[in-house]
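Visitor: Hi, can you walk me through this protein? I'm new to this, so plain words please.
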Amino acid sequence: MGLFFSIDDKAQHNIARDEKGTYYALDLGGTNFRVLRVHLEGGRIMNHNFAEVSIPSHLMSGTTKELFDFIASELDVFVQSEGDGFQTPSKGERELGFTFSFPMKQLSISSGILIKWTKGFHIEDTIGKDIGLCLQQAISEKGLNMRVVALVNDTVGTLAGARYYDEDVMAAVILGTGTNACYVERADAITKCQLAKSGSMVINMEWGNFWSGHLPRTRYDDYLDADSLNAGDQGFEKLVSGMYLGDIVRRVILRMAEESNIFGDVTPSSLFDPFILRTPFLSAMHQDESADLREVGRVMKDVLGISNVPFKVRRLIVEVCDLVTKRAARLAAGGIVGILKKIGRDGAPGVVGGRVKSDATNKMKRTVIAIDGGLYEHYPKFGNYLQLAIVELLGEEIAQHIVIKLSNDGSGIGASLIAASHSIYADN
């Protein structure tokens, strides 16, 4: 595997594929977090397991200590379940890679300052703190014999995990509660790079905060943004990611209820509750293939308390789900094609990084995009729309060289691999 480091060269990762031993990872990226245990031997992942933990909502707006104490407690529970098939240092500390999926300024391989929270978190006293140190302090106070070896962004972790198996992986995209992307770029194509103009670098895009007046934003997006904890930020994420799609649909249904009385003369009070209609419910309704759309009726009754929804209204709700999901998937596809264009893998002639590209499609290289996140993994129609949009934007001849690959637990496994590459026990 090639050399991985951030654009300011604060964190270098060289995974040699000869790492061995058992390493841990913590993947904090949204309303849930995962703890993983990975055993490496001879350049292969021999065994791995994980546990997923929901974060209580009050901790998402509490204090730094409360959040990280909770995480450390759950990590301790997971460590206690360690069994056969895993080999940790007999006298030393366990080593952990920490995937942190929020904007931060990397200071070193294991430290970084939080710039801002996203995805519903609002813990003011964490801003400006070293996230790696916050976790290490909580672990130490818990009495857990473990050291935070690496702090990485979720996209970088996904890229590392996927590229461990396939060197054609050139980008990683997170499509879950939030969204982000990173890609492999030639060092000589990066104008900010002060290093030697050779090799490659991983660029963390933080594309969730991208915004342009050309994006198809509606009044419902404006209302959602105004009501959010981070109004004015993460504009692209609020159009694309799983945290927000269900609430966009709720806002559309609310307006139809108010203006067209689709549920009768009185608008159901539940439609005024922000985020009551989560994206998994949207997915269930959108993918309802029953003749009478009974799943739509069930969600409306069980989640929103609206009974006896007429069939024509159920069908209308499915159409709204389809429009919102298709827009999100096509925007994500546009971002992916933008990356391909930037690195010269879109099949178009021109100049990239000061080099002239050939327009011969038979010279197109196989290019893999690794995707991690529940939105892509558990919402087939979203994935289908994304794939179709990529073909539409690139053309079938070029698109056949682009492979979209699901990377299960990619960011967490990648973090454990990066931890292994920085292990103080590596020589042993």
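Visitor: Let's start with alanine 171. Which residue stands opposite it in β15?
Guide: Isoleucine 369 stands opposite alanine 171. By the way, this is a predicted model, where local features need pLDDT of at least 70 and side-chain atom pairs count only at pLDDT 80 or more, while totals for chains, interfaces and linings use all residues. Residues are numbered from 1 along each chain as its sequence is written, and side-chain values use heavy atoms, with hydrogens and water left out.

Visitor: What does a name like β15 stand for?
Guide: Helices (H or I, at least four residues) and strands (E, at least two) are DSSP runs, numbered from the N terminus.

Visitor: And how many bridges join β10 to β15?
Guide: Five bridges link β10 (residues 169–175) with β15 (residues 367–372), and the two strands run parallel. Two strands count as paired if DSSP finds at least two bridges between them.

Visitor: Which sheet are they in, and what's the strand order?
Guide: They belong to an open sheet of five strands with mixed pairing, in the order β12-β11-β10-β15-β16. At the edges are β12 (200–204) and β16 (402–406), each pairing on one side only. On average, neighbouring strands here are turned by 20° against each other, direction ignored. For angles like that, axes are lines fitted to C-alpha atoms, for helices over the stretch in contact, and angles run from 0 to 180 degrees between N-to-C directions.

Visitor: OK, what about the sheet with β4 in it: what's the order there?
Guide: That one is an open sheet of five strands, ordered β5-β4-β3-β6-β9, with mixed pairing. β5 (44–54) and β9 (146–152) stand at the edges with a single partner strand each, so one side of each has no neighbour in the sheet. Neighbouring strands in this sheet are turned by 25° against each other on average, direction ignored.

Visitor: How do β3 and β4 connect?
Guide: They form a hairpin with three residues between them. Eight bridges join β3 (residues 21–28) to β4 (residues 32–41), and the pair runs antiparallel. You can look for leucine 28 with its bridge partner phenylalanine 33 in β4, and for alanine 25 opposite leucine 36.

Visitor: What about β4 and β5, parallel or antiparallel?
Guide: Antiparallel, over 10 bridges. Leucine 40 stands opposite isoleucine 45 in β5 there.

Visitor: Why is β4 called largely enclosed?
Guide: Seven of its 10 residues are buried, so β4 is largely enclosed by the rest of the structure. Buried means under 20% relative accessible area, exposed means over 50%, and partly exposed is in between (1.4 Å probe, protein chains only).

Visitor: Which helices should I look at around that sheet?
Guide: Try α1 (residues 64–80), which lies across β3, β4, β5, β6 (94–100) and β9, running at about 40° to β4. Helix α3 (residues 154–165) packs on the sheet too, touching β4, β5, β6 and β9, and its direction makes about 150° with that of β5.

Visitor: New topic: which residues of α11 are buried?
Guide: They are Phe382, Gly383, Tyr385, Leu386, Ala389, Ile390 and Leu394. Looking down the axis of α11, these fall within an arc of 160°, so they line one face of the helix. The arc is that of the directions from the helix axis to the C-beta atoms. On the other side of α11, Leu388 and Glu392 are exposed.

Visitor: What comes right after α11?
Guide: Glycine 395 follows α11, and its phi is positive, near 90°.

Visitor: Which residue has a positive phi without being a glycine?
Guide: Lysine 119 is one of them, at about 55°. Lysine 119 is in the loop between β8 (111–114) and α2 (131–142), and at 4% relative accessibility it counts as buried. Glutamate 206 also has a positive phi, about 50°, but it counts as partly exposed, at 23% relative accessibility.

Visitor: Last one: what's the mean pLDDT of the protein?
Guide: The mean is 87, and 88% of the residues reach 70 or more. pLDDT is the predictor's confidence in each residue, from 0 to 100. Over residues 1–11 the pLDDT is below 50.

Note on methods:
Contact means heavy atoms within 4.5 Å.
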